[in-house]
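Okay, thanks everyone, I'll keep this short. Let me put the structure up on the screen, and then we'll walk through a few parts of it.

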Amino acid sequence: MFTPPNNILSLPVILILLIGLSINGCGDSEEAEVLIEEAAEPLVVTAINGRPSPTKRSDAEILADRILERETADFFFDIAQRNHLVVEIEGVLSLIRAAYPLMGEIHAEEKAIPGMLWIHLEPDFYERLKEMPQDKQESFHFETGNAEFDALNAKLGLQNVRWTSWGLFLYFDPRLNFRVAIEAYSKVAGVREVWRHPPVEVSADIKAFKQGVTWYFIFRNGWGDCAAGCLYQESFCFTVTGADVESIPTAQAQTMPPFQALDATHRLWSLRNNTPVVNAPAHTWSWWDNRRPSADYNLGCSFFGEIEVFPNQLRVSCGYSVEELPHEDRFFENYEFTGVVLVLSAMQERTVVGNPEAYSTVAVSKVVGPAKTAAEIQHPENVYFENVLIPINPPPLSSPFERWWGGVIPTFVVCWDNPQSGRRIYQDLVINIIHAGSDEARNQPGCGNFRDTDYIQTLGALFGRLHGDKGIDEVLPRP
């Protein structure tokens, strides 16, 4: 049960008629309701210029507040319940980090300043507030004339106000339940939108969920332009029951309802669809799944086989199947299909857990070949290469916190030759792996999922080039 701040308890109780607002977040905003509320003499707040520095909180405190926000319907968290939850989470985190020290480098991140809401007001409402003190570090009576807005401010114990060009920052007790407060303010006439503090993209985070006697944890490590949301990420999943800690492969965790509930948006699943080896030198390889090449023609979907990893080489299988390659008669006049060459490029990325600035990408090797002639495959629309070897030389790890990831980029080069002139046209079919929820993915015909994840493989064709590379002509000689 919420205990109002002291400055509210001392205020006289009067009746206020509220239209369309239920202060506890329940009820239909379209219905008129008469509520008995504790209303304030004009609320006394402080106008501030800069943003207050938030108090540094522990991982357990941040995670406890996230859990209570999901599970409670009160405006403020119960202190005793919160303290008990913080202690329990601290114990579970200690068990995980004792068994897997790498997790000590990944921390829960504040995604909003506790107790602060960002209120976007309708223009006419905002204009009425401009005469109030905005640039003085002093207390004043904050009464807007909007009965619903003023009553809600009083109920939640509004402390400080900061003006923006189109709204307000409101500061409350840090125990404020964001979810319930946002729901209540969003129903007030004159309020256009309500947010937490503007979202801040972070490179690492932790999510926690308890079901029965078992805790479920996801530790996320991100890297690569994290200011824009992190291009790449890896996830470490754990269950803790009593004192028993178990590491769960991400592929398995994706099938488990508690982990699905914990990460409903799937933001924490590794974009590379890999399960990192915790506490071990991990050199993990996958298809290069964040590539966005431009292509003249969108052909639909390619398909991949597998990547087998050996100490100093990879074994790769991949191919494509399309209805028809783009082929303008004028451009390809007197040219005949000769064959297809597979070009594989291997890249590696380095990151350090907890340090996204250490991210870097290096080229490892490139293999031109093998080739399939027209006599072997008959048609350029259906080609598959099996068990192609590509050499690698994984660099040694310099610290237990260093991570190396490898990606393979396949390109299929379709060759067309003119026997009379001896000239050749090279047509590049380039793989593009995109998220299945994107507009581009929804427009792809008949594309399946990529390794049972939310990604699909598309195939784009660069129309043609007249200058090839020496390696292509060596593995597929001209007629």
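So, the buried residues of helix H6 are Phe 178, Val 180, Ala 181, Ile 182, Ala 184 and Tyr 185. Before I go on, bear in mind that this is a predicted model. Helix H6 covers residues 178–185, and 6 of its 8 residues are buried, so the rest of the structure largely encloses it.

What do those buried residues pack against? On the helix side, there's H2 (59–71) and H5 (147–155). On the strand side, you've got E4 (116–121), E7 (167–171) and E8 (191–195). And have a look at the start of H6: a side-chain oxygen of Asn 177 comes to within 3.2 Å of the backbone nitrogen of Arg 179.

Okay, salt bridges. Searching the whole structure turns up 15 of them. One pairs Asp 65 with Arg 82, at 2.6 Å, N to O. Asp 65 sits in helix H2 and Arg 82 in helix H3 (residues 79–99), so this pair ties together parts that are 17 residues apart in sequence. Buried or exposed, these two? With the cut-off for buried at under 20% relative accessible area, Asp 65 counts as buried at 8%, and Arg 82 is buried too, at 13%. They also belong to a network of salt bridges that links Arg 57, Asp 65, Arg 82 and Glu 110.

Another one is Arg 192 with Glu 122, where the closest N and O atoms are 2.9 Å apart. Arg 192 is in strand E8, and Glu 122 is in the loop between E4 and helix H4 (123–129), so here the pair ties together parts 70 residues apart in sequence. Both ends are partly exposed: Arg 192 at 42% relative accessibility and Glu 122 at 27%.

Then there's Asp 173 with Arg 175, at 3.2 Å between the closest N and O atoms. Asp 173 is partly exposed at 22%, and Arg 175 is partly exposed at 24%.

Last stop, a sheet. It's an open one with 3 strands, in the order E15-E16-E19, and the pairing is antiparallel. Strands E15 (302–310) and E19 (382–391) are at the edges with a single partner strand each, so one side of each has no neighbour in the sheet. On average, neighbouring strands here are turned by 10° against each other, ignoring direction. E15 and E16 (residues 313–321) are joined by 7 bridges, and Phe 303 has Gly 319 in E16 as its bridge partner.

That's my tour, over to you.

Conventions
Residues are numbered from 1 along each chain as its sequence is written. This is a predicted model: local features need pLDDT of at least 70, side-chain atom pairs count only at pLDDT 80 or more; totals for chains, interfaces and linings use all residues. Side-chain values use heavy atoms; hydrogens and water are left out. Buried means under 20% relative accessible area, exposed over 50%, partly exposed in between (1.4 Å probe, protein chains only). Helices (H or I, at least four residues) and strands (E, at least two) are DSSP runs, numbered from the N terminus. Contact means heavy atoms within 4.5 Å. A polar contact is a pair of N or O atoms within 3.5 Å; within protein, one must be able to donate a hydrogen and the other to accept it, and residues adjacent in sequence count only if both atoms are side-chain atoms. Two strands pair if DSSP finds at least two bridges between them. Axes are lines fitted to C-alpha atoms, for helices over the stretch in contact, and angles run from 0 to 180 degrees between N-to-C directions. A salt bridge is a side-chain nitrogen of Lys or Arg within 4 Å of a carboxyl oxygen of Asp or Glu.
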